[in-house]
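Q: Please take a close look at one part of this model: the place that UniProt marks as "binding site". Where do its residues sit, and what do they touch?

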Amino acid sequence: MVDKEKIKEGVKLILEAIGEDTNREGLIETPDRIARMYEEIFSGINATAEEHLKKTFEVDRDDLVLEKDITFYSMCEHHLVPFYGKAHIAYIPKGRVAGLSKLARTVETYAKKPQLQEKLTSEVADALMKYLNAEGVMVVIEAEHMCMTMRGVKKPGTRTFTTTYRGCFEENYNLRREVLDLIQR
C-alpha cells in the first residue's frame with residue numbers, strides 16, 4: 001500500500017532541495033499529483049499474475065501461442081525514471097490456454113514496480129510456467145530506458161533486448177527461431 005502522505009512530503013523536500021518554491025502556483029498540487037501517480041505506476045509491488053492466469057480454457061492441441069507487441073511502461077529501479085517498450089510472449093500450453101488479455105495483464109503486473117528489464121523478462125516467464133503449467137515459455141522484451149536517453153550517456157533511440165526461455169524452449173533452437181521469425185514480421 002502506497003503511503004501518499006510520505007510521498008507528498010518527499011516530493012516537497014525534493015522540490016525545495018533543487019531550489020524550487022513549493023508554493024509557486026504550478027507546483028502547489030504537484031506533490032498530490034505525484035502521490036496519485038505513484039499509487040498507479042507502482043501498483044505491481046508485491047503483486048503476482050496468479051489472479052490473471054487462474055482462469056484457463058481447454059484446447060485440443062498444444063500448439064504455439066504468441067502474443068507480440070505488448071506495450072508496457074515501467075520504472076528503472078536504479079534511477080526512478082521510466083523505461084518502456086514491447087514484450088513478446090510465446091508459450092506451449094499443456095491442454096489449457098489463458099485468455100489473451102491475461103498475457104498483457106501479466107506483463108503489466110510485473111512492470112508496475114521499480115524494476116530491471118532483465119528481471120521483468122524472467123518474472124513474466126516464471127509466472128507463465130507456474131500459473132499456466134506450460135510446456136515452455138519464451139519472453140522477449142525490447143525497451144528504451146530514459147536513464148540512458150535523458151541523463152548519463154544521453155543516447156536516445158537505444159533499445160535494449162532481453163530474452164529468456166523456460167521448459168521446451170531451452171533446448172529447442174528451431175522453436176526459438178520460429179518465435180523470433182514471427183516477432184520480426
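A: Start with one term. A residue counts as buried when its relative accessible area is under 20%. Keep that cut-off in mind. Note also that this is a predicted model.

Now to the site itself. The UniProt record, an unreviewed entry, places the feature "binding site" at Cys76, His79 and Cys147. These residues are spread over 72 residues of sequence, yet they cluster in space. The largest C-alpha distance among them is 7.6 Å.

Take Cys147 next. This residue lies in helix 6, which covers residues 146-149. Its relative accessibility is 10%, so Cys147 counts as buried. Now look at its contacts, leaving aside neighbours within four places in sequence. Cys147 is in contact with Cys76, His79, Val81, Pro82 and Gly152. That list includes Cys76 and His79, which the UniProt record also names for the site.

Turn to Cys76. This residue belongs to strand 2, residues 65-76. The relative accessibility of Cys76 is 6%, and therefore Cys76 counts as buried too. Again, set aside residues up to four places away in sequence. Cys76 then touches Val81, Phe83, Gln115 and Cys147. Val81 is one of the residues that Cys76 touches, and Val81 is also in contact with Cys147.

Last, step back to the whole chain. The chain is divided into domain 1 (4-42) and domain 2 (49-184). The centres of domain 1 and domain 2, taken over C-alpha atoms, are 32 Å apart.

Key. Residues are numbered from 1 along each chain as its sequence is written. This is a predicted model: local features need pLDDT of at least 70, side-chain atom pairs count only at pLDDT 80 or more; totals for chains, interfaces and linings use all residues. Side-chain values use heavy atoms; hydrogens and water are left out. UniProt positions are given in the numbering used here, feature names are shortened, and annotations may be inferred rather than shown by experiment. Helices (H or I, at least four residues) and strands (E, at least two) are DSSP runs, numbered from the N terminus. Buried means under 20% relative accessible area, exposed over 50%, partly exposed in between (1.4 Å probe, protein chains only). Contact means heavy atoms within 4.5 Å. Domain bounds come from an automatic or database domain assignment.
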